[in-house]
Amino acid sequence: MSQNSPKNVAVIGAGPAGLVAARELQREGHIVVVFERENQLGGTWIYTPHTDSDPIGVDPNRRIVHSSLYSSLRVNLPREVMGFRDYPFVATKRPNRDPRRYPGHREVLDYLNDFASDFGHIELVRFGTEVGYVGLLENGKWKVSSRKSENDDHVVFVNEEYDAVVICNGRFTEPQIADIPGIEVWPGKQIHSHNYRVPEPFRDQVCVMCHVHCSLERFNVSKLVIVVIGAATSASDISREIAEVAKEVHISSRSALSGTPKKVHGYENLWLHSMIEAVGIDGGVNFHDGSKVHADIIMHCTGYKYHFPFLETNGIVTVDDNRVGPLYKHIFPPAFAPSLSFVGMPWKLIPFPRCELQSKWIAGVLSGRISLLSKEDMIADIDAFYSSLDTSCIPKRYTHNMDFQLDYEDWLAAECGSPPPEKWRKEMFFIAREKIKTQTEIYRDQWDDDDLIIQAHQDFVQFIPELPQVQKLST
């Protein structure tokens, strides 16, 4: 396919997806502007102690805080796996850095800042600028309306036109809440993990959100009984953390095995249950396993909704039970391809390399270097994909769940003309995922895949020649 002229491209979001999209678009010769509502880059990796004004995150008029990080969060994949393919995420000798193989969130933010600085992308970002509208014009270009608060009294509104828009606004801001029968009369309090930061508020007689201003009253109890809904890494981490300060913590999970409730090994006050059946006006929480507890707080570690409040497509692109669609390969809506695209939709994959390959594909398609299927063929592919999900009885909400499906990344790499993901990266990913399940307490600090680490470092030397001299296997 012949090369087209460079495109003016708006990238929405300066998190990992937006940063690598900007790089790949620039590499392909496009002109890029990155819109970022915060005053720093990093997206979901920016930590703040502040939280939403509504702890459960359902009030549409709430004060929204976009970070979902808790203070103690450490990554749940080894750093060798996480990094962009030609910009390895290795420990550095720089001051105040975290050399651990499974570092804390600050190390990831520092890595992203290093990435943006080394590739000269910081000057592409319009910080403190929120996109309020994206819509297609009659001339085929996209209108992007944004606002920037220059001070408390002065807001600048800007309307611009772009050849293409790449949406990279993340998926960890709009909380997904469990549907619990009886919750309207249950007298306890609810919070979503989006608004969890530290365990101290769950100690004796302390407001659940006392570390920030809020309207929750204090609990006049000796210690709190808390029910945590969820089975992902955040639910596991948070449950164990608050078990150190609460009277009891009860985890409610779809994946709970038969024989629940049962005490979690190593804890005297932490139990695993099946899903909640109903809650009552007496404060009781009834589980499908037949057990019941009287709880003060229900914490929803139940994930997030895809949310694009700025995007107007006249109903063509929708979010239906957390399925964003129709999207060809989770990226292009056929009606608007290739001028509208999404980066970062799939989950349960290795996120940074996935976003990198998606961005390479988008950039190549926009330049004309890579051919895209016809609109009709893309729709047929999407229909076949949805039909396969239905046949396998996979709920619509799991449309973008790519658990262990690394063939998606292989496909993207082939389309881009890039080498497939490294064999060691795949093996390391699978090993790490299994250890999360079987060695929950220790997997971040004990491992037995040093042979794969050596292979990774051998690959990294082409990008960091001094690596053998500056890095050893770190815990």
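**Group meeting: cysteines, cores and unusual backbone in a predicted model**

I will start with a cysteine, Cys-355, which is buried, with a relative accessible area of 5%. Keep in mind throughout that this is a predicted model. Cys-416 is buried as well, at a relative accessible area of 7%.

How many disulfides does a search of the whole structure find? The count is zero. A disulfide is a covalent bond between the sulfur atoms of two cysteines. The cut-off used here for a pair of sulfurs is 2.5 Å. For Cys-355, the closest cysteine sulfur belongs to Cys-168 and sits 7.5 Å away, which is too far for a bond. Cys-416 is in no disulfide either, and its nearest cysteine sulfur, the one in Cys-355, is 13 Å away.

Next, the nonpolar cores. The largest one has 93 residues. Within this core, the residues with the most contacts are Val-11, Trp-45, Leu-112, Val-166, Phe-202 and Trp-361. Which helix gives the most to this core? That is helix H5, residues 351-367, with eight residues.

Take Val-166 from that list. Setting aside residues up to four places away in sequence, Val-166 touches a run of neighbours, Val-9, Ala-10, Val-11 and Ile-12, and also Ala-21 and Leu-25. Its other contacts are Ser-341, Val-343 and Ile-362. Another core lies apart from the largest one; it has 23 residues, including Val-33, Phe-35, Val-317 and Leu-327.

On to empty space. There are two cavities of 30 Å³ or more. I will describe the second largest, which has a volume of about 50 Å³. Its lining includes Arg-101 and Tyr-102, then Ile-431, Ala-432 and Lys-435, and also Tyr-443, Gln-446, Trp-447, Asp-448 and Asp-449. Sorted by class, the lining has five nonpolar residues, four charged and one polar.

Now helix H4, residues 233-242. Is this helix largely enclosed or largely open? It is largely enclosed by the rest of the structure, because nine of its ten residues are buried. The buried set includes charged side chains, namely Asp-237, Arg-240 and Glu-241. Also in the set are Thr-233, Ala-235, Ser-236, Ile-238, Ser-239 and Ile-242. What do these buried residues pack against? Four of the partners are strands: S10 (225-229), S11 (248-252), S13 (270-273) and S17 (297-300). Helix H8, residues 423-438, is also a partner.

Two single residues next, beginning with Ile-276. This residue lies in strand S14, residues 276-279. Ile-276 counts as buried, at 10% relative accessibility. Leaving out residues up to four places away in sequence, Ile-276 touches Ile-180, Val-227, Ile-229 and Ser-252, along with Val-285, Asn-286, Phe-287 and His-288. Ile-276 and Asp-179 are 97 residues apart in sequence, while their C-alpha atoms are 9.5 Å apart.

The second is Arg-171, in the loop between strand S7 (164-167) and strand S8 (174-175). Is Arg-171 buried or partly exposed? At 21% relative accessibility, Arg-171 counts as partly exposed; the limit for buried is under 20%. Beyond its neighbours within four places in sequence, Arg-171 is in contact with Tyr-304, Tyr-306, Gly-344, Met-345 and Trp-347. From Arg-171 to Gly-325 the C-alpha separation is 15 Å, and the two are 154 residues apart in sequence.

Gly-325 brings me to the backbone. Most residues other than glycine have a negative phi, and most peptide bonds are trans. Where are the exceptions that I want to show? The peptide bond from Gly-325 to Pro-326 is cis, with omega near -5°. Another cis bond joins Ala-337 and Pro-338, with omega about 0°. Pro-326 is in the loop between strand S21 (323-325) and strand S22 (340-342), and Pro-338 is in the loop between S21 and S22 too.

For positive phi, I have two asparagines. Asn-314 has a phi near 55° and is in the loop between strand S19 (311-312) and strand S20 (318-320). Asn-322 has a phi of about 65° and is found in the loop between S20 and S21. Which of these is exposed and which is buried? Asn-314 counts as exposed, at 71% relative accessibility, whereas Asn-322 counts as buried, at 13%.

That is where I stop.

How values were computed. Residues numbered from 1 in each chain as written. Predicted model: local features only at pLDDT ≥ 70, side-chain atom pairs only at ≥ 80, totals over all residues. Heavy atoms only, no water. Buried < 20%, exposed > 50% of the residue type's maximum accessible area, 1.4 Å probe, protein only. Core = buried A, V, L, I, M, F, W, Y, C linked by side-chain atoms within 4.5 Å. Contact = heavy atoms within 4.5 Å. 1 Å grid on protein atoms, 1.4 Å probe; cavity = no way out; pocket = protein on both sides within 12 Å on 5 of 7 lines; lining within 4 Å. Points joined across faces, edges and corners; volume = space filled by probe spheres on them.
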